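User: I should like a close reading of one part of the model shown below. Please set that part in the context of the whole chain before turning to the detail.

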Amino acid sequence: DRMVTRRELEKLVTYMGENPSISETDAMAIVGDSASHSLDSFAVAVADGSDGHMTRTWTSLRVQGTTPIQALRATLRHFQRLHYVVTSAAFGQPPNISMKSLRPPIHFSVREAFQRQVGIWSADKLGRAMLILTEAEAHCKKKGAVGEVATNMAFLRIINAAQKINKDAAQLHH
C-alpha cells in the first residue's frame, strides 16, 4: 500500500531530523506494525514452523483485506525461492551466491531466517510444500468459502512439516 509506505517514510524523515543517516535498528523501531505483518514475514513464519507468529500475522493480514490466494501465492513464491537456492547448492553453487542472484533481493529483515531455512529444508520437502500450496489455491478458485478452509489446512500442514524439520535438524546438531 503506497499510502502506508509514504506515512512510514514520513515518520522516518521526522525521526531523522538533522541526522543524515539512520540505522537499521532505528528504522525497525520507527516503522509501524504493517511492516511486521507483511506477506513476506508471513511466508517466512510458515516456512519456520512458527505457528504463533503465523497466526498473528495471518489475522492481521486478513483484517487488512489480504485474500487467501494472495497469502498462498506469497508463500509459494517464498518456497520457490528456497527451492532455487537449495537445488542450486545441490549442483555446487554456494547458497550465498544463489541468494544474491534472487530478484527481488531477500529483504534484510528475513535474510537470517531465509539462510536458516535453506540449511534445513530439502528440495523434496520444498517440492511437497509447493504442491500443497498450489492445490490449496486451486480449491480457493473452485470452491469459494471452502477455499479458506483449504488455505488454513495447507498452512497448518506446512507448519507441522517445518516443525518436524526443525526438530530433526536440532537433533542432528546435538
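How much area does the protein expose, and what percentage of it do carbon and sulfur atoms supply? With that settled, please examine helix α4 (residues 39-48) closely: which of its residues are buried, and which residues of α6 do they meet?

Analyst: The model is a predicted one. The protein exposes about 10600 Å², and carbon and sulfur atoms supply 57% of that area. Its secondary structure consists of 10 helices and zero strands, so that the order of elements from the N terminus reads α-α-α-α-α-α-α-α-α-α. Of the 174 residues, 35% are buried. Among contacts with a separation of 6 or more, 63% join residues 24 or more positions apart.

Helix α4 is mostly covered, with eight of its 10 residues buried. The buried residues are Ser41, Phe42, Ala43, Val44, Ala45, Val46, Ala47 and Asp48. Just after the helix, glycine 49 takes a positive phi of about 80°.

The partners of α4 may be taken in turn, beginning with α10. The axes of α4 and α10 come within 6 Å and cross at roughly 55°. The two helices are therefore oblique to each other, since angles from 35 to 65 degrees fall outside the parallel and perpendicular ranges. On the side of α4 the contact is made by Phe42, Val46, Ala47 and Asp48, and on the side of α10 by Phe155, Ile158, Ile159, Ala162 and Asn166. By class, these residues divide into seven nonpolar, one polar and one charged. The four α4 residues in this contact are also listed among the buried residues of the helix.

The spacing of such contact residues can be read with a general rule in mind. An α-helix has 3.6 residues a turn, so residues three or four places apart point the same way. Phe42 and Val46 both take part in the contact with α10.

The second partner is α6. The axes of α4 and helix α6 (residues 68-90) come within 9 Å and cross at roughly 65°, and this crossing is right-handed. From α4, Leu39, Phe42, Ala43, Val44, Val46 and Ala47 meet Gln70, Ala71, Ala74, Thr75, His78, Phe79 and Leu82 of α6. The residues of this contact divide into 10 nonpolar, three polar and no charged. Phe42, Val46 and Ala47 thus appear in the contact with α10 and again in the contact with α6.

Residues outside α4 complete the picture. Threonine 66 belongs to the loop between α5 and α6. Threonine 66 is buried, with a relative accessible area of 10%, where the cut-off for buried is under 20%. Apart from residues up to four places away in sequence, threonine 66 touches Leu39, Leu61 and Ala71. Of these, Leu39 and Ala71 also take part in the contact of α4 with α6.

A further approach comes from the loop between α7 and α8, which holds valine 110. Valine 110 is buried, with a relative accessible area of 14%. The C-alpha atoms of valine 110 and aspartate 40 are separated by 8.0 Å, although the two residues are 70 residues apart along the chain. Proline 104 is placed in the loop between α7 (95-101) and α8 (111-120) too, and the peptide bond leading to proline 104 from arginine 103 is cis, with omega near -5°.

Helix α10 also receives α5. The axes of α5 (residues 51-63) and α10 (residues 145-173) come within 11 Å and cross at roughly 155°. That angle makes α5 roughly antiparallel to α10, because angles over 145 degrees count as such. The crossing of α5 and α10 is right-handed. Asp51, Met54, Trp58 and Arg62 of α5 make the contact with Glu148, Thr151, Asn152, Ile159 and Gln163 of α10. By class, that contact has three nonpolar, three polar and three charged residues. Ile159 of α10 therefore serves in the contact with α4 and in the contact with α5.

Serine 60 lies in α5 as well. Serine 60 is buried, with a relative accessible area of 17%. The C-alpha atoms of serine 60 and serine 38 are separated by 9.1 Å, the two residues being 22 residues apart along the chain.

In summary, α4 is mostly covered, with α10 and α6 as the helices described here that cross it.

Note on methods:
Residues are numbered from 1 along each chain as its sequence is written. This is a predicted model: local features need pLDDT of at least 70, side-chain atom pairs count only at pLDDT 80 or more; totals for chains, interfaces and linings use all residues. Side-chain values use heavy atoms; hydrogens and water are left out. Axes are lines fitted to C-alpha atoms, for helices over the stretch in contact, and angles run from 0 to 180 degrees between N-to-C directions. Angles under 35 degrees count as roughly parallel, over 145 as roughly antiparallel, 65 to 115 as roughly perpendicular and the rest as oblique. A crossing is left-handed if the near helix is turned anticlockwise from the far one by less than a right angle, and right-handed if clockwise. Contact means heavy atoms within 4.5 Å. Ala, Val, Leu, Ile, Met, Phe, Trp, Tyr, Cys and Pro count as nonpolar, Asp, Glu, Lys and Arg as charged, and the others, Gly among them, as polar. Buried means under 20% relative accessible area, exposed over 50%, partly exposed in between (1.4 Å probe, protein chains only). Accessible areas come from the Shrake-Rupley method with a 1.4 Å probe; for residues, only the protein chains shown count as cover.
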